[in-house]
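Me: I've got a protein open and I'd like to understand the labels people put on it. Can I quiz you about what earns each one?

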Amino acid sequence: MNLSSLNPPQREAVEQTEGPLLILAGAGSGKTRVITMRIAHLVGRCRVPSENILAVTFTNKAAREMRERVVKLVGREACKGMTISTFHSLCARILREQIQHLGYKRTFSIYGAADQLRLVRDLVGDHCADVKLNAERLQWLISDAKGSLIEPEDYRPSSNEDHALALQKLYPLYQQRLKAYNALDFDDLLLLTERLFRLHPQVLEEYRTCFRYVMVDEYQDTNPAQYKLLHRLTGEHRNLCVVGDDDQSIYAWRGADIRNILGFEKDYPGTHVVRLEQNYRSSGNILAAANGVIKNNRTRREKALWTS
Ligand SMILES: Nc1ncnc2c1ncn2[C@@H]1O[C@H](COP(=O)(O)OP(=O)(O)OP(=O)(O)O)[C@@H](O)[C@H]1O
Ligand SMILES: [Mg+2]
């Protein structure tokens, strides 16, 4: 494989194969290119078995694109054993193999938003008919709690607001009802996988041994559940490479936690940091404007964008 198409910091990131690696970069600076080349380098040059590669992204589209880019680099055959997927489909797969440890059946169904809403409405009707509650808002609060790894029995309302108060009663009921139906909602995929890893170290060990090299694109968008999951998976071998943009956290409203990226070096001592500052997409004008906006962003790490 030819690394000469990479600029020096990109190349540095590709060749730094062992230990924690934090790649900080702006839009269009080749973040995804670095991850795909790094996978190709690990498999092609370092002879890492493809089964040991795990690359995670946030959307199905991003996962598909990443797989296509890796196929172009290493060929379809070498790509077969790799896991390139979203957090949710990775967790769904793990749970299909292991969920019996948590008292569910492996044939569980996955509830979409409409099913969830129906369930919340039923519960409100059965248990809180005297208060005026918005089911969508409750559903959102449950999702937010799960994304923050707050288990039903640990939920405490943070205010006297009706929905927050009702949730203390409804969230455990919601979860019991799901379990009775042998169903998981979308957020359970993460919540339950984290619980599985926490309560069953021998299961965790199996996946740790399998996923020896872990890469995450768009790391700035990870929520606490995803963060904890990654940490459990990689805390021992520490071969975790994350690529993040600390200036474009488009999922902030979903509970993504920018501190995940800012705190990475603290949680993974000895982290190697690479900054990709060359932009291959925008013109100089757009960049000047972007840098002006970014400057006002106080938690950001030192990073400037430039284009040749
Ligand atoms: N070293 C390079 N030489 C030439 N072109 C490059 C280089 N690095 C990246 N590019 C090109 O820049 C474009 C953006 O690359 P890529 O998608 O990897 O960036 P990204 O940082 O992941 O973007 P986004 O912010 O949209 O996720 C692509 O067309 C890619 O081929
Ligand atoms: Mg990208």
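Reply: Sure, let's begin with a count: searching the whole structure turns up 15 salt bridges. Before we go on, this is a predicted model, where local features need pLDDT of at least 70, side-chain atom pairs count only at pLDDT 80 or more, and totals for chains, interfaces and linings use all residues. Residues are numbered from 1 along each chain as its sequence is written, chains are lettered from A and ligands numbered from 1 in the order in which they are written, and side-chain values use heavy atoms, with hydrogens and water left out.

Me: What makes Asp185 and Lys146 a salt bridge?

Reply: The term asks for a side-chain nitrogen of Lys or Arg within 4 Å of a carboxyl oxygen of Asp or Glu. For Asp185 and Lys146 the N to O distance is 2.8 Å, so the pair fits that rule.

Me: Why can you say that this pair ties together parts of the chain?

Reply: Because Asp185 sits in strand β5 (residues 183-185) while Lys146 sits in helix α7 (residues 135-147), parts that are 39 residues apart in sequence. Helices here are DSSP runs of H or I with at least four residues, strands are runs of E with at least two, and both are numbered from the N terminus.

Me: Are Asp185 and Lys146 buried or exposed?

Reply: Buried means under 20% relative accessible area, exposed means over 50%, and partly exposed is in between (1.4 Å probe, protein chains only). Asp185 has 0%, so Asp185 is buried. Lys146 has 1%, so Lys146 counts as buried too.

Me: Which residue forms a salt bridge with Arg198, the closest N and O atoms being 3.1 Å apart?

Reply: That's Glu151. Arg198 belongs to helix α9 (residues 186-199) and Glu151 to the loop between α7 and α8 (162-180), so this pair links parts 47 residues apart in sequence. With a relative accessible area of 9%, Glu151 is buried, whereas Arg198 at 37% counts as partly exposed.

Me: How do you know that Arg198 and Glu194 are separated by about one helical turn?

Reply: They are four residues apart in helix α9, and that is why. They form a salt bridge as well, with the closest N and O atoms 3.3 Å apart. Glu194 is buried, at 3% relative accessible area. Through shared salt-bridge partners, Glu151, Glu194, Arg195, Arg198 and Arg232 join into one network.

Me: Let's move to the ligand. What makes a residue count as near a molecule?

Reply: One of its heavy atoms has to lie within 4 Å of the molecule. 16 residues surround ligand 1, and the closest are Gln10, Lys31, Thr32, Arg33 and Arg281. Helix α2 (residues 31-44) gives the largest share of that shell, three residues.

Me: Which polar contacts does ligand 1 make with Gln10 and Tyr280?

Reply: A polar contact is a pair of N or O atoms within 3.5 Å; within protein, one must be able to donate a hydrogen and the other to accept it, and residues adjacent in sequence count only if both atoms are side-chain atoms. A nitrogen atom of ligand 1 lies 2.8 Å from a side-chain N or O atom of Gln10, and a polar side-chain atom of Tyr280 is 3.1 Å from a nitrogen atom of ligand 1. A polar backbone atom of Ser5 also comes in, 3.0 Å from a ligand 1 nitrogen.

Me: Why is Thr36 called buried?

Reply: Its relative accessibility is 3%, so Thr36 counts as buried. Thr36 lies in helix α2, and its side chain reaches the backbone oxygen of Arg33 at 2.9 Å. Contact means heavy atoms within 4.5 Å; leaving out residues up to four places away in sequence, Thr36 touches Met66, Arg69, Val70 and Leu73.

Me: And what label does His127 get for its accessibility?

Reply: Partly exposed, because the value is 33%. His127 lies in helix α6 (residues 113-127). Beyond its neighbours within four places in sequence, His127 is in contact with Lys169, Leu170, Leu173 and Arg177. The C-alpha atoms of His127 and Leu170 are separated by 7.9 Å, though the two residues are 43 apart along the chain.

Me: How much of the protein chain is buried?

Reply: Buried residues make up 50% of its 308 residues. The chain has 14 helices and eight strands.
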